[in-house]
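Here is a friendly walk through a two-chain model, written for someone who would rather be at the bench. Have the sequence and the structure open as you read.

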Amino acid sequence: MQALYKGFIGFALILLLMGLFFGVIAAIAFFKPDYFLHMMPFQQLRPFHVSAVLFWIISGAAGSILVFKKNVFHGLPQKNIFGIAFIVLWVVSILLIFLSYCFEQFGGREYWEFPPVLNVIILLAWICLMISFFGTVLKAAKDQPVYVWMWSTGILFFFFTFTEQNLWHIPWFRNSFLKEMTIQWKSNGSMVGAWNQMIYGTAVYLMVKISGDETIAKNKKAYFFYFLGLTNLIFNWGHHIYNVPAAAWIRDVSYLISMTEWLIVISIIQGFKNKLEESRKFTYLLTYKFLLASEFWVFMNLLLALFMSVPAINRYTHGTHITVAHAMGTTIGINTMILLGSIAYILKMDAGGSKKLRMDVKAGYWLSQISLLVFWLALIIAGIIKGYQMQVLHVTVFSKVMAPVLEVLKIFLYSGITLAIGIAVIAVCMLRFVSASLLNASDEL
Amino acid sequence: MYSNKTSETPSAHVTKGLAIWQSKNCQACHQLYGLGGYMGPDLTNIISDSIKGPAYASTFIKAGTAKMPKFNLSVNEVNDLVAFLTWVDQSGHSAVTEDKVTPLGNYKLDSQ
């Protein structure tokens, strides 16, 4: 099983590298569409990037949980056969998705741009993961640390929201465009919350392991923030569709619930001093470095999300690159950093590898952090300019709206290239660890 | 539950138009209600736009642009796509005007 899980983590890292590669190519195509128009236009390139990144995140999270489940519930039945079935079906479905893109077969749904028939295999794979995970967890004692609750919530809600995402196949749901849009973004928004639960749960687990302090995952504050996250997962998706003339309660509830996230910001500020002391103790650990970076990006993206969740401000930010800054800031700064920390822990990178390899990872880490900050700020500035052009100056000609935006987006392109190089260096180093680890059959996870 | 606004059941042309919109992956570059890719403009209200309108949309779909490929759609397929965009347009407005913002920073939109 260990070899299979390591192989699956290697597969997730390859998806990350693909996501970076197609991200850079798609960004170049955005600026020079005429070069790509007859070969591979933007609307064909974007699905490769989006799907590779999306499946990197979900595969990395699921792979980490499968490995950690074995450690947390040591001695309980692991339902390994369903773990294997999940990996096989999941990998096959992703390969079929990329194959369908190669033949220009699209499903045309945001995030899920592949032919919808492939959703059946993904759903089957997820059911296998659920049987493997809950088959073990439900046999354990009821008093579980918060990360087990987070993993359980994430896995269960991904199943619900993924199913919900497919309701449009039933005519009743798609016969009203407003209903269709609302449900599509309800499910997509909550689905992001679902994989965040899986990933944040992994971050809590890693902090427990690094510090050796199990109370981190069992105190009242941890459970309070778990429930706050769960409430936001269920109710705050409405900020995606504030401008859609859907029922008013969606906007009211979402606005209200989103504002509870200020509590998380206050908690991060209050914990800043402890974090400084903690970082002095653990900063030599690679996993901790990635977790620390993710904490910084949680703070930055949370502030951005809070402003975007006020409808009066959302009027200026919606449909602009500020939304992209939020999406990429969270997927790269938070999700990817935690998952890289998790993989570094699984591969025991602090205990092995040459000095050069560790230096390469360190260089990749700093290059990616600095690049991401420039990348993120460039997108926000581009978004402000676009919002100003459209909402204040009321410019209606698209090319005129975009002319000043494109100037700022050049910074986004250049920093995006260095960001991709930085993360790719880390991913390649990790892949070398995976292959070395696979060759050494006795190496336990 | 999700919408107070009633909308007409889509015709066969609209349904076909939606299928074309999805199979050509139009949302990768265009937005509806601000949701989608940012390569091209938001198309929610292109049909009711006094300067643009259905003829303008048809021309772009048929000929493509320096940024958008020519999809080689038949006349019927172009009409179906325009029918889909017309149906979307009738559902509401993508842009929220200043007078719709309440003192608490929320919106009060037409459907309420």
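The report below covers the chain contact, a helix pair, the nonpolar core, one tyrosine and chain B.

This is a predicted model, in which local features need pLDDT of at least 70, side-chain atom pairs count only at pLDDT 80 or more, and totals for chains, interfaces and linings use all residues. Residues are numbered from 1 along each chain as its sequence is written, with chains lettered from A and ligands numbered from 1 in the order in which they are written.

**Where the chains meet.** The contact takes 44 residues from chain A and 43 residues from chain B; two residues are in contact if their C-beta atoms, placed from the backbone, lie within 7 Å. On the side of chain A that touches chain B, helix 8 of chain A gives the most, with 7 residues. Helices here are DSSP runs of H or I with at least four residues, strands are E runs of at least two, and both are numbered from the N terminus. The table sorts that side of chain A by class, where Ala, Val, Leu, Ile, Met, Phe, Trp, Tyr, Cys and Pro count as nonpolar, Asp, Glu, Lys and Arg as charged, and the others, Gly among them, as polar.

| Class, side of chain A that touches chain B | Count |
|---|---|
| Nonpolar | 24 residues |
| Polar | 11 residues |
| Charged | 9 residues |

**A helix pair.** Helix 9 (residues 220–235) of chain A and helix 10 of chain A pack at an angle of about 155°, their axes 9 Å apart. The contact is made by T231(A), N232(A) and F235(A) of helix 9 of chain A with V253(A), S254(A) and I257(A) of helix 10 of chain A.

**The core.** The largest nonpolar core has 150 residues, and among those with the most contacts inside it are A61(A) and W195(A). Such a core is a set of buried Ala, Val, Leu, Ile, Met, Phe, Trp, Tyr and Cys residues joined through C-beta atoms within 7 Å. Helix 3 of chain A gives the most to this core, with 17 residues. Leaving aside neighbours within four places in sequence, W195(A) is in contact with I57(A), I58(A), A61(A), G154(A) and F158(A).

**One tyrosine.** Y388(A) lies in helix 16 (residues 355–392) of chain A. Is Y388(A) buried or exposed? Y388(A) is partly exposed, because 16 other C-beta atoms lie within 10 Å; 20 or more would count as buried and 12 or fewer as exposed, with C-beta atoms placed from the backbone.

**Chain B.** Chain B has 3 helices and 2 strands, following the pattern α-β-β-α-α along the sequence. Of its 112 residues, 41% count as buried.

Methods: Axes fitted to C-alpha atoms, helices over the stretch in contact; angles between N-to-C directions.
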